[in-house]
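Biologist: I would like a close look at one part of this protein. Please take me through the loop that joins two of its strands, residue by residue where you can.

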Amino acid sequence: MTITNGGVIGINDGTNAGATTNIGKAGNTVNTLGTLNQTGVTNINTTGSFATNIGTSATAGDVTIGRTGGTITTVGTLGHTGDVNMTGNLAVTGNINLSGTTRELQMNGSAGTSGYVLVSKGTGSTPAWQSV
């Protein structure tokens, strides 16, 4: 470990051939204030016995996971509460399940009118609700 006179702390900075470095103590909290830059693989909660919370503060701003052109892979169920706002395409392999009896399928924020169907407007155009 190194500490510079400017207060920068270097932990596992290559001097011990990449051995594991533990920060904190089991059962305690480690807080990072400011920006945390990590290079390489970061394993979080590898035992699966504790919750992993990211951006859960009432005052939390945006939480960005991944990178441009990258892939986010989940193993198991991904639970979510609230809205998901995304830019780009959504590709789904498998089923989409709108659970419950009051879930709407919306296009541009509209669930259409009872009895209407979603009609394709062709390549490059957004589908629209239309009476049958």
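Modeller: Here is that loop, with the whole chain as background. Keep in mind that the model is predicted.

Start with the overall layout. The protein has 4 strands and 0 helices. Read along the sequence, the pattern is β-β-β-β. The loop you ask about lies between strand S2, residues 9–10, and strand S3, residues 117–119.

Next, the setting. The protein has 132 residues, and 1% of them count as buried. Its accessible surface comes to about 12,400 Å². Carbon and sulfur atoms account for 49% of that surface. Long-range contacts are scored among pairs of residues at least 6 apart in sequence. Of these contacts, 2% join residues at least 24 apart.

Now the loop itself. Take Ile96, which sits between S2 and S3. Is Ile96 buried or exposed? Ile96 is exposed, because its relative accessible area is 64%, and the cut-off for exposed is over 50%. Ile96 also belongs to a nonpolar patch on the surface. The other members are Val84, Met86, Leu90, Val92, Leu98, Leu105 and Leu118. Together with Ile96 they have about 790 Å² of accessible area.

Move on to Asn108. This residue is also placed in the loop between S2 and S3. Its backbone deserves a look. Asn108 is not a glycine, yet its phi is positive, at about 55°. What is the relative accessible area of Asn108? The value is 69%, so Asn108 counts as exposed.

Ser114 is the last stop. Its place, too, is in the loop between S2 and S3. Ser114 has a relative accessible area of 77% and is therefore exposed. How far is Ser114 from Ser131 in space, C-alpha to C-alpha? The distance is 8.9 Å. In sequence, the two serines are 17 residues apart.

To put the stops side by side: Ile96 is exposed at 64%, Asn108 at 69% and Ser114 at 77%. Ile96 adds its nonpolar side chain to the surface patch. Asn108 brings the positive phi. Ser114 gives the C-alpha distance to Ser131.

Definitions and conventions: Residues are numbered from 1 along each chain as its sequence is written. This is a predicted model: local features need pLDDT of at least 70, side-chain atom pairs count only at pLDDT 80 or more; totals for chains, interfaces and linings use all residues. Side-chain values use heavy atoms; hydrogens and water are left out. Helices (H or I, at least four residues) and strands (E, at least two) are DSSP runs, numbered from the N terminus. Buried means under 20% relative accessible area, exposed over 50%, partly exposed in between (1.4 Å probe, protein chains only). Contact means heavy atoms within 4.5 Å. Accessible areas come from the Shrake-Rupley method with a 1.4 Å probe; for residues, only the protein chains shown count as cover. Patches are made of residues with over 30% relative accessible area and no salt bridge: like charges are joined within 9 Å, nonpolar side chains (Val, Leu, Ile, Met, Phe, Trp, Tyr) within 5 Å. A salt bridge is a side-chain nitrogen of Lys or Arg within 4 Å of a carboxyl oxygen of Asp or Glu.
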